Structure formats: structure tokens, C-alpha cells
Amino acid sequence: MKRITLLGATGSIGSQAVELIEEYNQHFTLEAISANTNITKVEAILKKHDVKIVVMAKKYESRVKKAKPGCTFYPLESDGLIRCIKDLSDTVVLNALVGSVGLEATLEGIKNNQDILLANKESLVVGGPLILSALEHSTSKLIPIDSEHAALRECLKGRSVQDIEKLVITASGGSFRNLSVAELENVTVDDALKHPNWSMGKKITIDSATMMNKVFEVIEAHYLFGVSYDRIEAIIHKESIVHGIVHFKDGNVLAHIGPSDMRIPILSAMKGDDSLRYHSAFDLLTKGSLHFEKLDRRRYSLFDLGIAVARKNGMHVVTMNAANEIAVERFLNHEIRFVDIERLIVRCLDHFENHIPLTLENIKKHDESVRAYARHLEI
Ligand SMILES: NC(=O)c1ccc[n+]([C@@H]2O[C@H](COP(=O)([O-])OP(=O)(O)OC[C@H]3O[C@@H](n4cnc5c(N)ncnc54)[C@H](OP(=O)(O)O)[C@@H]3O)[C@@H](O)[C@H]2O)c1
């Protein structure tokens, strides 16, 4: 029986993980959950699961205690995530938080030798070097849940990273893939949230439309597989059937294909071996033709900018991530336009210093400063 601490239990990934734990209850138990404000979903989870610890915003403490008398409640505001991970250091941590708030939790789990099932890509984006260094002193396994990285991991089974010539990750192109640059000027929030192939949380859906999500995934692949940025490519594949491709030095090329269903990589990461499979209907004959295109750098200008920032290996990647989180939030709140997301990120990159040593304390402090600046920036 695998015991799971589920961070971000009320989100898109978190909810699918809860459903899988229920469906495969002879293999998994839910020991702890965290959420931010979605108390209704938390109450529903507490009805069905014997959860020991709940982490949420402080104001929900009494409702949580009422829904699950006897459970421990830790407020998010008082290091709740870290206290929860410490207390349950014999569980596996599924990190489905959104944003850089996930980094410290990932590091804490690694410190306690806990396996980390990582959906929270921002952990690696802002703290990749810290995570790699923590892993060197730990027995933790870091298992990606992102579909592209789970796909690459499947292709790499039985092979060594030394055999890799190039990694390719695919991008659907997001909600506005059929619009010109000029047409992006007046797109709406509702339109931006209509992803053509995947049903996901709001932030990642917007990140897919700007292509920031693919920047994050290239960074994620760089740290997960130890491959240089020169040898990681992102291409457009509108059907989202091929998720990842590995070109090997011996001339073989392996591509991973499958349905656009996150339950497959989530279950595969949770189980950790091939003994369970998610039964998702998939018939290639019904899919028609598959298309692959070069990523249009003019149309998705944030992509080259983001990769250039990543290559600099400094605090600018934290600046970019924090600016992006605030820009997306402001777009969703109708404060700025879609095209302003990139403008806001560029303004923050111009304003903040890159050469600050990457420590957890510096990252947290810097992240806060960028958020405060980006929140009030006139665009
Ligand atoms: N969704 C997908 O299909 C997908 C696919 C691949 C990778 N990912 C990655 O997986 C991660 C989660 O994505 P998602 O789409 O599941 O996100 P989501 O639906 O927005 O859920 C985010 C979760 O984090 C919680 N949360 C939000 N802000 C928080 C804060 N400041 N402190 C603590 N908890 C907070 C939310 O709680 P409340 O519900 O209470 O607000 C929710 O439980 C992201 O890194 C994303 O890039 C997602």
C-alpha cells in the first residue's frame, strides 16, 4: 500500500489523483492533502478519505475540523506545507501545487528521502540546481507527471541518458494557435481558457497559449534528463497524440504516443512500476493524420525569450516565473490584455538583477520582490 501526501488536492491534477486513489484503493491511501481556498472540494475529499493532515488557508480551520474531527490542521500561512511533509516523512509526496510555491515542498520531501511525484514544474523552473544538489544527498526518486516528460521517461526505459542525441517535446499551440500576431491584441479571457486538447487548471492553460508552458517544459527536461538546452527541441503537434520523442545516438528514434489523458502519467508515477495501467480508450485509426510543424518564433516570441533566460543560469529565471505568475493572474482578472503578459515579463527582466546566488532564501525573497513590482506595474 503506497501512502500519499497530495499537495494541491483540489486542482486539476490533484482531483484526478484523488479519483485514481479511489479507483485503485487496494494500492494507495491518501494520508494528507493541501489546498488553498477550495473548502467545498476539501470537505468532499474528507468525507471519503481517512486523511491525517490538512493544510489550507487559516480561515478554513474550523470547517476542516468539523468535516474531519481529530485530523491535524496546519495553516498554509505558518509553513503548513513543510510541517505536513515533515510529519509524514514516510509517505510519497505528489506535488500538484501550481507556481513557485511548490519549490520548498519539493526540497523538503527530498531532504526527508521521500519520493516526489512532480506535476509542479515551477519547482524545477525556479530551483532546478537546488533540487539536483538536494537529490545528490538523498535516496528520493523524482518522477515527472508532466505528460511530455513522462513520455520521454517511457522512451528512455532500458536506455541511458548517455545514449540521447536529442529530446523533442510537442506543443499543441494552445488556444490561439490559429490566430495571427495582430489578432492576439483583443482576445478574451474566456477564449484563452478554451484549450483545444487538454482540460487543465487556468494558469497552465494560459501558459500554453503564450508558449511559456513549453519554456518551462524545456527547463524541466534539462534538469530531469541532464540534457543541454541545445539538444532539446519543442515542435508544434496540433493533435497532442505524440507527447515526446527521443533521438538516440545510434540512429533510433522513439516516439511516445497516447491519449491526451493526464490520468495515465499520474497513475504511472504513483505506482512507480508497470504493474497498473490506466484503461483509457485509444484507437490510432480514429485519429486521422498527425501533423508536426516548426514552432513559429515570431508568433510565439516568448519562447526564445524564455529559453535565453534559462540559459543565463541566474536569478532571471525566478524573475521570469514570478512575473509570469502575476501577469497571468492579472490577465485572468481582466486587468491587462493577453499581449501584455509578455510585456510585463520583459519589464520585470529589465528591472531586476540576474547575478544573485541561487539559494532557497534568495529565491523566496526575490520571488516576493518581483511579485510586488509586477502587481502594480502600469502596462
Ligand atoms: N492540469 C494539467 O493537466 C497539468 C498537466 C501537466 C502539468 N501540470 C502542472 O501541474 C501543476 C498543477 O496544475 P493544475 O492545472 O492542477 O493547477 P490548478 O488546477 O490551478 O490547481 C492548483 C492547486 O494548487 C492549490 N494552490 C493554488 N495556489 C496556492 C498557494 N498559493 N498555496 C498553496 N496551494 C495553492 C490550489 O488550491 P485551490 O483549489 O484551493 O485554489 C489547487 O489545489 C502545475 O505546475 C502545472 O503546470 C498540470
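Reader: Which helices each supply at least two residues of the shell around the ligand?

Author: Quick heads-up: this is a predicted model, where local features need pLDDT of at least 70, side-chain atom pairs count only at pLDDT 80 or more, and totals for chains, interfaces and linings use all residues. Numbering starts from 1 along each chain as its sequence is written, and side-chain values use heavy atoms, with hydrogens and water left out. Helices here are DSSP runs (H or I, at least four residues), numbered from the N terminus. The two helices are α1 (12-23) and α6 (121-136).

Reader: And which residues come nearest to the ligand?

Author: The ligand has 24 residues around it, where a residue counts if one of its heavy atoms lies within 4 Å. By class, the shell has twelve nonpolar, nine polar and three charged residues. Nearest come Thr10, Thr37, Asn38, Glu122 and Asp146.

Reader: How much of the ligand's area does the protein bury?

Author: Backbone N or O atoms lie 2.9 Å from a ligand oxygen at Ile13, 2.8 Å at Asn38 and 2.9 Å at Gly201. Taken alone, the ligand exposes 900 Å² (Shrake-Rupley method, 1.4 Å probe). Of that, the protein buries 85%.

Reader: How is α9 oriented to α10: roughly parallel or roughly perpendicular?

Author: The axes of α9 (residues 202-210) and α10 (residues 212-225) come within 5 Å and cross at roughly 95 degrees; axes are lines fitted to C-alpha atoms over the stretch in contact, with angles from 0 to 180 degrees between N-to-C directions. Angles of 65 to 115 degrees count as roughly perpendicular, and under 35 as roughly parallel. So α9 is, relative to α10, roughly perpendicular.

Notes:
Angles under 35 degrees count as roughly parallel, over 145 as roughly antiparallel, 65 to 115 as roughly perpendicular and the rest as oblique. A polar contact is a pair of N or O atoms within 3.5 Å; within protein, one must be able to donate a hydrogen and the other to accept it, and residues adjacent in sequence count only if both atoms are side-chain atoms. Ala, Val, Leu, Ile, Met, Phe, Trp, Tyr, Cys and Pro count as nonpolar, Asp, Glu, Lys and Arg as charged, and the others, Gly among them, as polar.
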